[in-house]
Amino acid sequence: MPTMPKSLFWTRTDTTGAEHVTLDDGSGLTAQGTILAVDPLAFTCRYRLTAGPDGTTGRLEVEVEGAGWRRSVRLERATDRWRVTTGEEGDLDRALRAAGHPPAGLPGTDDPDRLADAVDVDLGGSPLFNSLPIRRLGLHRAAGQPERRLTVAWVLVPSLVVVPAEQTYTSLGSGRVRFASDTFTAELEVDPEGWVVRYPGLAERADPR
């Protein structure tokens, strides 16, 4: 039976900002989203995501722009490796230094082979992307499952630097999933379909009234 496209909206709780995404998860997943934030400087981020029926990511395209600069990165999964393509206009590092922040470096990665073990992607500041492994692994359906350790291709925003990151997800039941990465831990609240409702310290979903 066909599914209706979904529209999800989060307000940021760590800074002034929001995220809106429209998606279709009838067969695999296709999603288009926009992130707005003012930290570390004002930017608009647009992304397009495609995942297969098994939940693994096949393609992610991201564009970020601010005053006087624009960056893009495209990640495409091909057999057992990622192909990473980048673009840049203007000077983000100059804008960061002018705002009192350290430079970000170049977008993308200088060694795509470091991402070989990643089957999920994580876009910085977006609770949607935490939903991807939760749904793929079925962690929203039942508690008592062992913690799941995985490697993701982490796309930092606004720099669009891509690095491998080790993450752990543990189902706690009652719509809760513990997320950990390095020394950071958060208890995520998810709806019955596995979409993040509340990410403490980052974002809360605003549902239609």
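The legends below describe an overall view and several close-ups of a predicted model.

In this predicted model, local features are given only where pLDDT is at least 70 and side-chain atom pairs only at pLDDT 80 or more, whereas totals for chains, interfaces and linings use all residues. Residues are numbered from 1 along each chain as its sequence is written, and side-chain values use heavy atoms, with hydrogens and water left out.

**View 1. The whole protein chain, with two helices and 14 strands.** The radius of gyration is 17 Å, close to the 17 Å of the globule rule for 209 residues, so the chain is as compact as a globular protein of that length; the radius is taken over C-alpha atoms, and the rule is 2.2 Å times the number of residues to the power 0.38. Helices (H or I, at least four residues) and strands (E, at least two) are DSSP runs, numbered from the N terminus. The C-alpha trace spans about 50 × 40 × 40 Å along its principal axes. Of the 209 residues, 45% count as buried, where buried means under 20% relative accessible area, exposed over 50%, and partly exposed in between (1.4 Å probe, protein chains only). Among contacts with a separation of 6 or more, 42% are between residues 24 or more positions apart, a contact being heavy atoms within 4.5 Å.

**View 2. The largest nonpolar core, with 53 residues.** Such a core is a set of buried Ala, Val, Leu, Ile, Met, Phe, Trp, Tyr and Cys residues joined through side-chain atoms within 4.5 Å. The residues with the most contacts inside this core are Tyr47, Val62, Leu75, Val121, Leu128 and Phe129, and strand S4 (residues 43-51) gives the most to the core, with five residues. Setting aside residues up to four places away in sequence, Leu75 touches Gly58, Arg59, Leu60, Trp82, Arg83, Val84, Val121, Ala153, Val155 and Val162. In soluble globular proteins, nonpolar side chains tend to be buried together.

**View 3. Helix H2 (residues 128-136) and the glycine that follows.** Helix H2 is mostly covered, with seven of its nine residues buried. The buried residues are Leu128, Phe129, Asn130, Ser131, Leu132, Pro133 and Ile134, and two of these, Leu128 and Phe129, are also among the residues with the most contacts inside the largest nonpolar core. After H2 comes Gly138, whose phi is positive, near 70°.

**View 4. The loop between strands S3 and S4, with a cis peptide bond at Pro40.** The bond that joins Asp39 and Pro40 is cis, with omega about 5°, and Pro40 lies in the loop between strand S3 (29-37) and S4. Leu41 is found in this loop as well, and Leu41 counts as buried because its relative accessible area is 11%. Leaving aside neighbours within four places in sequence, Leu41 is in contact with Trp69, Leu92, Ala95, Leu96 and Pro158. By contrast, Leu41 and Ser131, 90 residues apart along the chain, have C-alpha atoms separated by 26 Å.

**View 5. The loop between strands S9 and S10, with a cis peptide bond at Pro158 and a positive phi at Leu160.** Pro158 is placed in the loop between strand S9 (148-155) and strand S10 (162-173), and the peptide bond from Val157 to Pro158 is cis, with omega near 10°. Leu160, found in the loop between S9 and S10, has a positive phi of about 65° although it is not a glycine. Leu160 counts as buried because its relative accessibility is 0%.

**View 6. Strand S11 and the loop between S10 and S11.** Ser174 is found in the loop between S10 and strand S11 (176-181), and its phi is near 55°, a positive value in a residue other than glycine. Ser174 counts as exposed because its relative accessible area is 74%. Phe179, in strand S11, counts as buried because its relative accessibility is 3%. Phe179 and Gln167 are twelve residues apart in sequence and 7.3 Å apart in space, C-alpha to C-alpha. Beyond its neighbours within four places in sequence, Phe179 is in contact with Asn130, Gln167, Thr168, Tyr169, Phe184, Thr185, Ala186, Leu188 and Tyr199. Ser181 also lies in strand S11 and, with residues up to four places away in sequence not counted, touches Glu166 and Gln167.
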